[in-house]
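Subject: Handing over a structure, with notes

Dear colleague,

I am passing on the structure below, and my notes on it follow directly after. Please read them with the coordinates open beside you.

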Amino acid sequence: MQQPNQKITPCTSGRVHSTYMGGMVDGPGIRYVLFLAGCRLRCQYCHNPDTWNTDCGEIKTTDELVRDVERYQSYLRFSGGGVTASGGEPLLQAAFLAEFFQKCRDKRLHTALETCGYMSTCDWDAGMAQQILTNTDLVLLDIKAFDDAIHKKVTGVSNRRIFNFLRLCEEMKKTTWIRFVLVPGLTDNDADLHNMAEFLQDLTCVEKVDVLPFHKAGEYKWADLGLSYSLADTQPPSMNEVARVQEIFIRP
């Protein structure tokens with residue numbers, strides 16, 4: 001397997017869905033958020049289905065992006081913020097992401113990776129996860145479900161690769177924030193929640209778990225794309241239900 005400190009082979013360009021300067025929920029401080037194109041998961045509650053297509057957005061080089069980030073670096077540093085790579089699923093463009101994060105760290109910018117942890121087998125076997133995490137300060141990891149059958153129902157894919165990625169975060173001692181979306185009737189299985197909480201409790205890399213209530217802010221995008229939205233009749237969970245689930249993660 002390729003070693004984490006091995007020089008990254010230049011990957012001059014990648015497919016960028018969009019960028020946003022001023023993110024406040026994608027890591028500490030003010031963030032420059034890079035949304036990379038493409039995602040293999042088909043989460044029933046996804047609020048960015050417009051990022052699924054690997055051909056959406058524009059082709060950008062890592063140098064172009066770094067020059068754009070540099071315009072805001074004083075704001076990023078002053079606020080204790082930095083750069084967040086999101087998507088879509090940023091790990092689908094692993095070599096491009098590895099080079100971009102390396103260049104951000106060379107500029108002494110804080111890097112956060114917002115991901116579901118799903119990487120192609122060939123990139124995983126080539127050691128790309130290690131290369132990316134070497135230059136990652138914070139991992140924001142979305143976990144959809146602990147039970148594999150539930151995960152497949154929610155996303156269409158197994159969670160095996162995702163938990164392999166989380167175990168690598170533990171091995172590399174990468175600070176990790178878990179994000180879990182609570183969807184009534186879909187991800188609120190009590191047994192699964194307790195099993196997940198017990199598993200996460202044993203990981204030293206996990207700093208906190210955020211329970212995020214399901215919302216429909218992206219429902220219009222499904223309609224615009226001609227996609228069937230299966231959760232049209234599902235209502236967001238109550239504040240009491242969110243608090244109850246948060247308590248499970250605190251005291252499994």
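In this predicted model, the largest nonpolar core counts 50 residues, and the members that touch the most others are Phe100, Ile132, Phe165, Leu166, Leu200 and Phe249. Helix H3 supplies the largest share of this core, with 7 residues. To take one of those well-connected members, isoleucine 132 is in contact with Leu91, Ala94, Leu97, Ala98, Phe101, Leu113 and Met119, once its neighbours within four places in sequence are left aside. There is also a second core, separate from the one above, which has 19 residues and includes Leu41, Cys43, Ala145 and Val157. As general background, nonpolar side chains in soluble globular proteins tend to be buried together.

Next comes the sheet. It is open, has 8 strands in the order S3-S1-S2-S4-S5-S6-S7-S8, and its pairing is mixed. Strand S3 (58-61) and strand S8 (206-213) stand at the edges and have a single partner strand each, so one side of each is left without a neighbour in the sheet. From one strand to the next, the twist averages 30°. Helix H3 (residues 94-106) packs on this sheet, where it touches strand S1 (13-23), strand S2 (31-36), S3, strand S4 (82-86) and strand S5 (110-115), and the direction of H3 makes about 155° with that of S5.

Strand S2 deserves a closer look. On one side Arg31, Val33 and Phe35 are buried, and on the other Tyr32, Leu34 and Leu36 are buried as well, so that both faces of S2 are covered. Put as a count, 6 of the 6 residues of S2 are buried, and the strand is therefore largely enclosed by the rest of the structure. In a regular strand, side chains alternate between the two faces of the sheet. S2 pairs with S1 in the antiparallel sense over 6 bridges, and within that pairing serine 18 has phenylalanine 35 as its bridge partner in S2. With S4, by contrast, S2 pairs in the parallel sense, over 5 bridges, and there the bridge partner of tyrosine 32 in S4 is valine 83. At the other end of the strand order, S7 and S8 pair in the parallel sense over 7 bridges, and leucine 182 stands opposite proline 213 in S8.

Turning to the aromatic residues, the structure holds 8 aromatic pairs. In one of them, the rings of phenylalanine 180 and phenylalanine 249 have centres 5.9 Å apart and planes at 55°, so the pair is classed as tilted. Because phenylalanine 180 lies in strand S7 (residues 176-182) and phenylalanine 249 in helix H10 (residues 239-250), this pair ties together parts that are 69 residues apart in sequence. Both phenylalanine 180 and phenylalanine 249 are buried. The rings of tryptophan 222 and tyrosine 229 have their centres 5.2 Å apart, and their planes are at 65°, so this pair is edge-to-face. Tryptophan 222 has a relative accessible area of 6% and tyrosine 229 one of 12%; each is therefore buried, the cut-off being under 20%. Trp52 joins Trp222 and Tyr229 in one aromatic cluster. A ring is also involved in a contact of another kind, in which the charged end of lysine 208 sits over the ring of tryptophan 177, 4.0 Å from its centre.

Finally, a few backbone details may be worth checking in your own viewer. The peptide bond from glycine 87 to glycine 88 is cis, with omega near 15°, and glycine 88 is placed in the loop between S4 and H3. Arginine 108 is not a glycine, yet it has a positive phi of about 60°; this residue is in the loop between H3 and S5, and it counts as exposed at 68% relative accessibility. Lysine 173 likewise has a positive phi of about 60° without being a glycine. The place of lysine 173 is in the loop between helix H7 (160-171) and S7, and with a relative accessible area of 70% this lysine is exposed.

With best regards

Methods: Residues numbered from 1 in each chain as written. Predicted model: local features only at pLDDT ≥ 70, side-chain atom pairs only at ≥ 80, totals over all residues. Heavy atoms only, no water. Phe/Tyr/Trp six-rings, centres within 6.5 Å; stacked < 30°, edge-to-face > 60°. Helix = DSSP H or I, 4+ residues; strand = E, 2+ residues; numbered from the N terminus. Buried < 20%, exposed > 50% of the residue type's maximum accessible area, 1.4 Å probe, protein only. Lys NZ or Arg CZ within 6 Å of the ring centre and 35° of its normal. Pairing = 2+ DSSP bridges. Axes fitted to C-alpha atoms, helices over the stretch in contact; angles between N-to-C directions. Contact = heavy atoms within 4.5 Å. Core = buried A, V, L, I, M, F, W, Y, C linked by side-chain atoms within 4.5 Å.
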